[in-house]
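Biologist: Please give me a close look at one part of this structure, and then set it in the context of the rest. Keep the cut-offs explicit.

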Amino acid sequence: MMRRLFVLFSFELKKILARKKAVLFLLALNVVPILASIAAMLAYLKMRSLGLGSLEYSALVEMVQALFTAHMKLFAWISPFFLALVVGDSISGEAGRGHLKTLLLTPVSRAQVVFAKAAAILVFLLIAVALGGLFLQIDLWVAHSMSQSGAIIMDARETGAVLADSTVMARLLTISFMANLAMVGYFVLTALFFETPILMAFVSLIILMTMQTYVMMVPYLAKLDDSYARWLPWCFTRHLSELTELKTIYGVLKQSMTLTSTEIWGPLMGSLGWAAAFFAVALAVFRRRQILS
Amino acid sequence: MNSTIPPDAPQAPSPTPAIRVTDLSKRFGRVRAVDGMSFTIPTGSVCGFLGSNGAGKTTTLRLLLGLARPDEGEMELLGRPMPASRTEALERTGTLVEKPSFIEHFTGFENLWWFGSLTAPLTRERVGEALELVGLSDAAHKPFGIYSTGMKQRLGVAGAILHHPSLLLLDEPTNGMDPQGRAQMRDILRDIHTREKTTIFLSSHLLDEVQRLCDYVVIVDHGRTVRQGFVSELLNDGHETWELRLPAEDLSRAIEVLKALPAVLGINPVPRGLEVSLSHGVSHEINQALVGAGIRISALIPREASLEATFLALTDTEPGADKS
């Protein structure tokens, strides 16, 4: 049973990673940190050869900070689009091409299939997140060594020292894991109703964007009429945006906010609840699903 | 019958049939794909599941394997209720439903390895063996996407036999294969049957193929079982058919003579003569009577009973409508 689940998980992960698309996804999601690292390395090499002054160093630190912020924003915004495509490929695509049939003719249970697929997709996403983190770490290492060699006082308190802390990284990963878990659950559920990944991606993203637009409109609409806000509790995206808000991320980075502090605990538990609900419904739907292609 | 299977093998008393289906029904919207189908497949047999296109063969296989849910009816695979004991039953069953769908960008070997490992731990040797058995050793490390239809089909069969199953469920295993490929596939299946005592259940609409390979048949039409039984019994219905060749001018007189004989069950005009169906073992009387009446018979040709004739008689499919 556990062996089968493990084989299934490895198989799913291999299917995702064996595609050329996978490498492009990882690159696309991490364009900013990769470019930032290249820029930092270039600056480092330039400094080693020319020995530039303090002004340029702080400019570099500012650049890394700006890019870090940009990366967080971009990642939070574009990762759902990539995620929809990965989930679409793994579930809708496989249903359409008949791979799901071949899979379900082996003695694996449908619950195992759902969990193995979700786990593989999550691991893939965590690889993407960790890859960005890795490149940001390289930036910080460069900034550190520059500040040491040049004996320049760097304003590295905001990004540098704290980012390198592994417990802070673990917290960031927890936030990103929870936000992605709910998102994966949502996409897995929608993917079960489609047999082409592109169609699934479009429909699920339209729903997602509509929901998010509504969440953004609610504070203004509520001023007109309270009842306009009545659908807000059903919008799971609001927890996700609270979790991935830069204020939250910075709070965690600066250690002024911990995972149990109320500002973050609510969205964290909210996302977990939504994730559980999505997976429960997905499982019920998949159990009843007839494989006819 | 060209079957190499000893005729007494399937008759051996077996407490649990390999497959048992009782009153199975399945609708898709307003279409009754399967409509009260029942059949029992004895363990150790090679069974042909015959029916025209759209008779409900593939749907029945999907229901049997838990891919779709029946509206009514009970099913057992290797004595286990389906779909309740799906996992246990599928561990001992090799399957190929419709066209084999493997991962296109994985090689044949990788596909067998990964899908096979989900049933039970595998060795590389076993995967190689299965690939060799179906003649795909050379293509083992090419991506499945570039395989020809016949190769895909053979990989599907290799996947089905990977774990030495007790039961093989194959949906049109020779679909899209050339005549050599078909003959080879028959040899593979016969070989597995004799060596591993595997019960084989294969759906097909290629009647001569089923007649060459199977010792048991289930014939379905419009979602119902119309006949099931051992091929030898099915073909031996106490009748025999002979073709009489005679000059055209004797034709009407011959018909008169034949109609007077109680042993004659039916007369059909055919080119250059008549086709006569008779009770078993009375052909000499017919000959005597016709010669006695002065009819110049040039030939008396036995018509071997064929599954095709039985099938066409049992199903109301028009000849020629069922092409592979």
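Modeller: Helix 3 of chain B crosses helix 4 of chain B in a right-handed sense (the near helix is turned clockwise from the far one by less than a right angle; anticlockwise would be left-handed). Helices here are DSSP runs of H or I with at least four residues, strands are E runs of at least two, and both are numbered from the N terminus. The model is predicted, and local features need pLDDT of at least 70, side-chain atom pairs count only at pLDDT 80 or more, while totals for chains, interfaces and linings use all residues. Residues are numbered from 1 along each chain as its sequence is written, chains are lettered from A and ligands numbered from 1 in the order in which they are written, and side-chain values use heavy atoms, with hydrogens and water left out.

Helix 3 spans residues 108–117 of chain B and helix 4 residues 124–133 of chain B; their axes lie 10 Å apart at an angle of about 125° (axes are lines fitted to C-alpha atoms over the stretch in contact, and angles run from 0 to 180 degrees between N-to-C directions). That angle makes helix 3 of chain B oblique to helix 4 of chain B (under 35 degrees is roughly parallel, over 145 roughly antiparallel, 65 to 115 roughly perpendicular, and the rest oblique). From helix 3 of chain B, Phe109(B), Leu112(B) and Trp113(B) meet Arg124(B), Val127(B), Gly128(B) and Leu131(B) of helix 4 of chain B (contact means heavy atoms within 4.5 Å). By class, this contact has five nonpolar, one polar and one charged residues (nonpolar: Ala, Val, Leu, Ile, Met, Phe, Trp, Tyr, Cys and Pro; charged: Asp, Glu, Lys and Arg; polar: the others, Gly among them).

The chain around this pair has eleven helices and 14 strands. The C-alpha atoms of chain B fill a box of roughly 75 × 45 × 40 Å along the principal axes. Half of chain B, 50% of its 324 residues, counts as buried (under 20% relative accessible area; over 50% is exposed and in between partly exposed, with a 1.4 Å probe and protein chains only). Of the contacts in chain B between residues at least 6 apart in sequence, 69% join residues at least 24 apart.

Elsewhere in chain B, Asp35(B) takes part in two of the listed salt bridges (a side-chain nitrogen of Lys or Arg within 4 Å of a carboxyl oxygen of Asp or Glu). One pairs Asp35(B) with Arg32(B) at 3.2 Å, N to O; the other pairs Asp35(B) with Arg224(B), where the closest N and O atoms are also 3.2 Å apart. Asp35(B) belongs to strand 2 (residues 31–41) of chain B and Arg224(B) to strand 10 (residues 224–230) of chain B, so this pair ties together parts 189 residues apart in sequence. Asp35(B) is buried at 16% relative accessible area, whereas Arg32(B) is partly exposed at 43% and Arg224(B) is partly exposed at 46%.

Another bridge joins Arg212(B) and Asp208(B), with 3.9 Å between the closest N and O atoms. The two residues are four apart in helix 7 (residues 207–213) of chain B, and therefore separated by about one helical turn. Arg212(B) is partly exposed at 32%, as is Asp208(B) at 46%. Over all chains the count is 23 salt bridges.
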